[in-house]
Amino acid sequence: MDDASVGWIAAIIIGGLAGWIASSLMKSDTGIIVNILLGIIGAAVASFLFGIMGVSFGGWLGYLVAGVLGACILIFGARAIKR
């Protein structure tokens with residue numbers, strides 16, 4: 001993922017917001033640290049998966065959308081493994 005347009009502090013803030021949104025959408029009860037990790041890792045996962053399909057995200061809003069989508073994918077995957 002190209003973080004040139006989004007700095008590290010912004011990535012943590014946006015990642016936390018994205019993780020919180022994903023946790024709310026997926027009805028997952030996670031803490032703030034897990035939300036931040038879900039958002040940041042989720043953005044990387046979503047950017048990779050959508051990059052394969054030729055779709056790219058850019059800027060703050062793109063990072064937020066990618067983070068939410070990726071975090072939802074990660075939560076779904078974790079639930080599938082738990083069962």
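Q: Where is Lys-27 found?
A: Lys-27 sits in the loop between α1 and α2. Keep in mind that this is a predicted model.

Q: Why is Lys-27 called exposed?
A: The relative accessible area of Lys-27 is 72%. Exposed means over 50%, so Lys-27 earns the label with its 72%.

Q: What makes the backbone of Lys-27 worth a look?
A: Lys-27 has a positive phi of about 55° although it is not a glycine. For context, most residues other than glycine have a negative phi.

Q: How do you know that Met-26 touches residues far along the chain?
A: Met-26, also in the loop between α1 and α2, touches Cys-72, Ile-75, Phe-76 and Arg-79, leaving out residues up to four places away in sequence. Touching here means heavy atoms within 4.5 Å. Take Ile-75 as an example: Met-26 and Ile-75 are 49 residues apart along the chain, and their C-alpha atoms are separated by 7.4 Å.

Q: Why is Ser-23 called buried?
A: Ser-23, in helix α1 (residues 8-25), has a relative accessibility of 5%. Buried means under 20%, so Ser-23 at 5% belongs in that class.

Q: What makes the pairing of Ser-23 and Asn-35 a polar contact?
A: The side chains of Ser-23 and Asn-35 come together at 2.9 Å. The cut-off for such a pair of N or O atoms is within 3.5 Å, with one able to donate a hydrogen and the other to accept it, so the pair at 2.9 Å counts.

Q: Which other residues does Ser-23 touch?
A: Besides Asn-35, Ser-23 touches Ser-28, Thr-30, Leu-38 and Ile-75, not counting residues up to four places away in sequence.

Q: Is Asn-35 buried or exposed, and how do you know?
A: Asn-35, found in helix α2, counts as buried at 7% relative accessibility. That value falls in the buried class because the class takes in residues under 20%.

Q: What surrounds Asn-35?
A: Leaving aside neighbours within four places in sequence, Asn-35 is in contact with Gly-15, Gly-16, Gly-19, Trp-20, Ser-23 and Thr-30. With Thr-30 there is also a polar contact, side chain to side chain, at 2.5 Å.

Q: Why is Leu-74 called partly exposed?
A: Leu-74, in helix α3, has a relative accessibility of 27%. Buried is under 20% and exposed is over 50%, so Leu-74 lies in between and is called partly exposed.

Q: Which residues does Leu-74 contact?
A: Leaving aside neighbours within four places in sequence, Leu-74 is in contact with Leu-38, Ile-41, Gly-42 and Val-45. The C-alpha atoms of Leu-74 and Ile-41 are separated by 8.6 Å, with their positions 33 residues apart along the chain.

Q: What makes Trp-60 and Leu-17 fall into separate accessibility classes?
A: Trp-60, in helix α3, is exposed because its 53% relative accessible area is over 50%. Leu-17, in helix α1, has 42% relative accessibility, so it counts as partly exposed. As for spacing, Leu-17 and Val-65 are 10 Å apart, C-alpha to C-alpha, and 48 residues apart in sequence.

Q: What makes up the nonpolar patch on the surface?
A: The patch is formed by Phe-48, Leu-49, Ile-52, Met-53, Val-55, Phe-57, Leu-61, Val-65, Leu-69 and Ile-73, which together have about 930 Å² of accessible area. Helices α2 (32-52) and α3 (59-82) each supply at least two residues, and the largest share, four residues, comes from α3.

Q: Why can Ile-73 belong to the patch when it is partly exposed?
A: Ile-73, which lies in helix α3, has a relative accessible area of 38%. Patch residues need over 30%, so the 38% of Ile-73 meets that requirement.

Q: How confident is the predictor in this protein, and which elements stand at the ends of the range?
A: The mean pLDDT is 84, and 93% of the residues reach 70 or more. Among the elements, α2 has the lowest mean, 85, and α3 the highest, 88. A friendly caution: where pLDDT is low, the predicted coordinates should not be read in detail.

Conventions: Residues are numbered from 1 along each chain as its sequence is written. This is a predicted model: local features need pLDDT of at least 70, side-chain atom pairs count only at pLDDT 80 or more; totals for chains, interfaces and linings use all residues. Side-chain values use heavy atoms; hydrogens and water are left out. Patches are made of residues with over 30% relative accessible area and no salt bridge: like charges are joined within 9 Å, nonpolar side chains (Val, Leu, Ile, Met, Phe, Trp, Tyr) within 5 Å. Accessible areas come from the Shrake-Rupley method with a 1.4 Å probe; for residues, only the protein chains shown count as cover. A salt bridge is a side-chain nitrogen of Lys or Arg within 4 Å of a carboxyl oxygen of Asp or Glu. Buried means under 20% relative accessible area, exposed over 50%, partly exposed in between (1.4 Å probe, protein chains only). pLDDT is the predictor's confidence in each residue, from 0 to 100.
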